[in-house]
Amino acid sequence: MAKVRKFAEITPNLPFSEFNFYDLYRSTFEKSELGRMKELLPLREMADKFGLVSRSLSPKRGRKPFFTPEGKVALMFLKMYTGLGCPKLMEQLNGNIHYQMFCDVIIDPTRPLTNYKLLDDVMLELAGNLRIQQQQDILAEMWKPYMENLDTLYTDATCYESEMRYPTDPKLLWEGIEKSYATMCELSARLGIHRPRTKYLDVQKANLTYRKQRKHTKGQTRKMTRRLLDLLGKILKEIRKIERNDEKAESLLSIREKNGLDIITKMYRQQRNHFESGDSRESIPDRIVSISKPYVRPIVRGKEVKSVEFGAKVNNILVDGISFIEKLSFNPFSEGKRLRHCTTLHRRLFGVDVKKIGGDTGYAGTENRDFCKENGIQTSFVKRGRPFGEEKMKDAVRQELARVRATEMEGSFGTQKEHYDLRRVKARTKKTETLYIFFGIHTANVVQLADRIEKRAQSAAA
């Protein structure tokens, strides 16, 4: 069993202070990037909002947790900072004393941690109690003294894609067939009855031949889709028939298997109706594009490289280079209607009114223009109508807002995705995916803020 101690519990127990090598590690940690980051993180307040701090006076029974409440929150920042999965992160945590100091633990090198599920449990605990706006209130209060130009706001939306394959109709249907067929075989075995006959092997061979082809005609795709729909409908029908004929059948299925069958049934109905309509461009409400991630929806972005993305759409605001989440949803929404909400969030976080707003053409609607005009807010929106003697100062402000929005706002998205593990979010549930996005964005924020403060200190010393 691993031996883990808290740094706060360690007291010098050696007769000579010069042998206390932990002081050397502490001094180097304070000067490192991780040390500067930890100084800017209100870990205690965040842990309290996560519900990790117990207010009970009586001691809890059972084994003490490996990590303190602050250490659990710090662990999530460390994960997004390193971009490592839980097995690799545990390996680094066992051997890196600075990582241990950041998470407020010390691990005996002779008895290291070996079960990486310990880290998974911490992240699941945080994911279940995440309240984005409450946590952002705490972070903004901590970072506000180090920020400038609080009256200028930039806003834009992006999609943080989920780790999943591109969902074509044949791929999705075959995935549903494989899972439902395995459930049908398992249920038949548990009941001790013969497995119902289907065309599974024949369709499997035809599907393999179809997948090996580099290009497919519309006729080939439609023929393959019809066979897959017929087979999936047959399998689902046989499973329901077994459940009706035997009262024990439903109780033999686990909750996970039942939920999987419900998702596959809903997907089958969507695909069947879509196939029968014959309109390939038909819009399907709440379309399922992944059986393992049924919460993911297609987000139409209209980009040249990829017109559709699959993941969470997030509308962010940027103040002095620091990003905050205004709205996060796995369903598509129009960011152009969120400008008023952006100003409300800005007022809540920083307590000042917005004087300047930078946004792309998606925010430049009539309603938003009227709102900004009523409140005396300068924008980066191109002025409508024929130009007639407009002041040069306003033109300069508009151009500068548009330039900064196009560089800093888009740059913040690129930094988060390239360096903080948000290019393809590797999470399996909706809550953990939201948790990763939240901590990835604010890890990028705290690193940028720590570097900015360090550069100011160096220039002041010079």
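**Strand S5 and its neighbours, and a helix pair**

Strand S3 (residues 152-161) and S5 are joined by 8 bridges and run antiparallel; strands count as paired here if DSSP finds at least two bridges between them. This is a predicted model, in which local features need pLDDT of at least 70, side-chain atom pairs count only at pLDDT 80 or more, and totals for chains, interfaces and linings use all residues. Residues are numbered from 1 along each chain as its sequence is written, and side-chain values use heavy atoms, with hydrogens and water left out.

Within the S3 pairing, tyrosine 154 has leucine 318 of S5 as its bridge partner. S5 also runs antiparallel to strand S4 (residues 298-300), with 3 bridges, and here proline 298 sits opposite phenylalanine 310 of S5. Strand S6 (residues 322-329) pairs with S5 too, antiparallel and over 7 bridges; valine 319 is matched with isoleucine 322 of S6. The S5-S6 hairpin has 2 residues between the strands, and aspartate 320 takes a positive phi near 55 degrees there. As for burial, 11 of the 12 residues of S5 (residues 308-319) are buried, meaning under 20% relative accessible area with a 1.4 Å probe, protein chains only.

Turning to the helices, the axes of H8 (residues 132-143) and H17 (residues 430-461) come within 12 Å and cross at roughly 5 degrees. That makes the two helices roughly parallel, a label for angles under 35 degrees. Contact (heavy atoms within 4.5 Å) involves residues including Leu139 and Trp143 of H8 and Phe438 and His442 of H17.

Conventions: Axes fitted to C-alpha atoms, helices over the stretch in contact; angles between N-to-C directions. Helix = DSSP H or I, 4+ residues; strand = E, 2+ residues; numbered from the N terminus. Parallel < 35°, antiparallel > 145°, perpendicular 65-115°, else oblique. Buried < 20%, exposed > 50% of the residue type's maximum accessible area, 1.4 Å probe, protein only.
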